[in-house]
Amino acid sequence: MAKVLIVRAHPLNQRVSRSMTVTDAFVESYQEHHPEDYIEDINLFNMNVPEIDRDLLDAWDDLAKGTPFYQLSDAQQHKVTLFNSFTEGFMEQDKIVIANPLWNLSIPTRLKSWFDSITVAGKTFKYTDSGSVGLVEGKKILHIQANGGFYNGSDPASQYVKTLLTFLGVKDFQQLFVEGMDHAPDKAAEIVEKAVQQAREIAKTF
Ligand SMILES: Cc1cc2nc3c(=O)[nH]c(=O)nc-3n(C[C@H](O)[C@H](O)[C@H](O)COP(=O)(O)O)c2cc1C
């Protein structure tokens with residue numbers, strides 16, 4: 001039984017969101033073809049994802065200097081615990097799907113916070129004399145992104161996702177774009193349907 005995490009980063013559902021429509025198609029097909037697997041389907045917009053701020057930076061500094069956890073402020077304890085829960089939640093998965101819209105050539109800020117929570121020295125990567133080494137091995141990751149224009153993977157958002165996951169050591173990585181709908185509104189339905197079919201196909205063997 002594989003553990004699968006679906007990380008949605010969209011405040012709206014599939015009625016209006018193309019990335020969520022494609023993700024729903026993936027999940028439906030995945031369930032059909034891997035009924036034994038366990039899927040955890042989360043939406044970051046329904047959760048509190050701690051942003052790296054002064055509380056967290058000070059807490060990490062204090063902990064590194066040997067301050068016991070219970071001596072941190074309540075806010076720091078809460079943020080460190082939450083942050084760590086996202087790190088662990090990522091590390092324990094076999095397969096992960098990350099789905100988001102392209103907003104202003106970037107990913108939603110909530111998703112950036114989530115990426116920060118999975119980029120942890122000593123857990124998902126380490127520093128060595130010859131540079132950083134990714135520690136994330138054996139995971140399969142699919143990135144689904146909806147873009148109004150057509151970029152074919154050249155936009156900074158999808159480049160960032162790819163670069164970061166590669167930095168963490170992920171080797172089995174693919175991206176599925178549903179894109180160009182806002183530049184060719186007359187073809188939007190057709191573009192989404194094509195991506196839905198691609199998602200269904202990928203899910204069969206993911
Ligand atoms: C706030 C905002 C910013 C956007 N920025 C871009 C952009 O930089 N480039 C682009 O091609 N489309 C942009 N779009 C269009 C969306 O990427 C497009 O509508 C896509 O379908 C969004 O995903 P969704 O359908 O899952 O909501 C933007 C849309 C919004 C709402």
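**Around the ligand and into the largest pocket**

In this predicted model, a good place to start is S17, where a polar side-chain atom sits 2.6 Å from an oxygen atom of the ligand. H10 offers a similar starting point for your eye: an N or O atom in the side chain of H10 is 2.6 Å from an oxygen atom of the ligand. The backbone takes part too, with an N or O atom of the G148 main chain lying 3.1 Å from a ligand oxygen. On its own, the ligand has 620 Å² of accessible area, and the protein covers 71% of that.

Now step back to the whole shell. The ligand is surrounded by 16 residues, and the closest are H10, S17, S19, N104 and G149. By class, the shell holds seven nonpolar, seven polar and two charged residues. If you prefer to navigate by secondary structure, look at α1 (18-33) and β6 (140-147), each of which supplies at least two residues of this shell.

Let's move on to the largest pocket, which holds about 230 Å³ of space. Two elements give two or more residues to the lining of this pocket: β7 (172-179) and α6 (188-205). Of these, α6 gives the most, with five residues. As you trace the wall, you will meet F150, N152, L176, F177, V178 and E179, along with E190, I191, K194, A195 and Q198. What is the make-up of the lining of the largest pocket by class? There are six nonpolar, two polar and three charged residues in that lining.

Note on methods:
Residues are numbered from 1 along each chain as its sequence is written. This is a predicted model: local features need pLDDT of at least 70, side-chain atom pairs count only at pLDDT 80 or more; totals for chains, interfaces and linings use all residues. Side-chain values use heavy atoms; hydrogens and water are left out. A residue is near a molecule or strand if one of its heavy atoms lies within 4 Å of it. A polar contact is a pair of N or O atoms within 3.5 Å; within protein, one must be able to donate a hydrogen and the other to accept it, and residues adjacent in sequence count only if both atoms are side-chain atoms. Accessible areas come from the Shrake-Rupley method with a 1.4 Å probe; for residues, only the protein chains shown count as cover. Helices (H or I, at least four residues) and strands (E, at least two) are DSSP runs, numbered from the N terminus. Ala, Val, Leu, Ile, Met, Phe, Trp, Tyr, Cys and Pro count as nonpolar, Asp, Glu, Lys and Arg as charged, and the others, Gly among them, as polar. On a 1 Å grid over the protein atoms alone, a cavity is a set of points where a 1.4 Å probe fits but cannot get out, and a pocket is an open set with protein on both sides within 12 Å along at least five of seven lines; lining residues have an atom within 4 Å of a point. Grid points are joined across faces, edges and corners, and a volume is the space filled by probe spheres set on the points.
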